[in-house]
Amino acid sequence: MMRIGHGYDVHQFADGRRCILGGVDVPSDRGLLGHSDADVLAHAVADAVLGASRLGDIGKLFPDTDPAYEGADSLVLLARVAELVRSEGFEIVDVDSTVAVQAPKLAPYRDQMRENLAAALGLSAENVGVKATTTEGLGFVGRKEGIAAWAVALLEKQ
């Protein structure tokens with residue numbers, strides 16, 4: 001049995017924060033606001049994996065009301081998600097994602113993001129896709145107010 005899950009996440013920019021995407025500290029004059037490290041890409045991937053396994057979402061597993069997750073490394077949380085879905089008899093087959101950001105440019109960091117996400121998921125980087133796009137100046141992303149990410153995951157029940 002194969003299942004597909006979809007994940008989506010948004011974080012707004014904030015001064016004095018780092019811009020962590022796919023586990024990469026991307027040079028930027030502003031970072032992302034969130035209870036954890038606010039890695040919008042890792043969060044979207046986690047929700048896609050959880051969606052395919054029907055095990056909820058990252059807000060359920062790692063609530064922002066729990067001080068234990070304040071400043072948490074989202075790749076560590078993603079690895080915990082991968083362990084959970086495997087314990088339920090699922091194998092993660094493939095993940096693809098898109099990050100919408102006007103700036104900073106992500107092309108120089110894409111391969112490292114793929115490697116980081118793959119390592120957290122226990123996959124080969126060839127099974128993890130990361131793409132970046134702008135919104136041509138439209139919407140909150142175009143106004144450089146934040147970043148959005150979408151992901152899909154394919155799981156197979158063992």
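Me: Leaving aside neighbours within four places in sequence, which residues is S53 in contact with?

Reply: This is a predicted model, and in it S53 touches R3, V85, F90 and L155. S53 itself sits in helix α1.

Me: Why is S53 called buried?

Reply: Its relative accessibility is 4%, and buried means under 20%. So S53 counts as buried.

Me: What makes the pairing of S53 with L50 a polar contact?

Reply: A polar atom of the S53 side chain lies 3.0 Å from the backbone oxygen of L50, and the cut-off for such a pair is within 3.5 Å.

Me: Why is α1 described as roughly parallel to α3?

Reply: The axes of α1 (residues 40-53) and α3 (residues 74-87) cross at roughly 10° and come within 9 Å. Angles under 35 degrees count as roughly parallel, so α1 is roughly parallel to α3.

Me: Which residues meet there, and what classes do they fall into?

Reply: From α1 there are A42, H43, V45, A46, V49, L50 and S53, and from α3 come S74, L75, L78, V81, L84 and V85. That splits into 10 nonpolar, 3 polar and no charged.

Me: And why is α3 called oblique to α4?

Reply: Their axes come within 7 Å and cross at roughly 40°, with α4 covering residues 110-121. Under 35 degrees would be roughly parallel, and roughly perpendicular runs from 65 to 115. The angle fits neither, so α3 is oblique to α4.

Me: What meets what in that second contact?

Reply: L75, L78, A79, A82 and R86 of α3 meet N116, L117, A120 and L121 of α4. By class, that contact has 7 nonpolar, 1 polar and 1 charged residues.

Technical notes:
Residues numbered from 1 in each chain as written. Predicted model: local features only at pLDDT ≥ 70, side-chain atom pairs only at ≥ 80, totals over all residues. Heavy atoms only, no water. Axes fitted to C-alpha atoms, helices over the stretch in contact; angles between N-to-C directions. Helix = DSSP H or I, 4+ residues; strand = E, 2+ residues; numbered from the N terminus. Parallel < 35°, antiparallel > 145°, perpendicular 65-115°, else oblique. Contact = heavy atoms within 4.5 Å. Nonpolar A, V, L, I, M, F, W, Y, C, P; charged D, E, K, R; others polar. Buried < 20%, exposed > 50% of the residue type's maximum accessible area, 1.4 Å probe, protein only. Polar contact = N/O pair within 3.5 Å; in protein donor to acceptor, adjacent residues only side chain to side chain.
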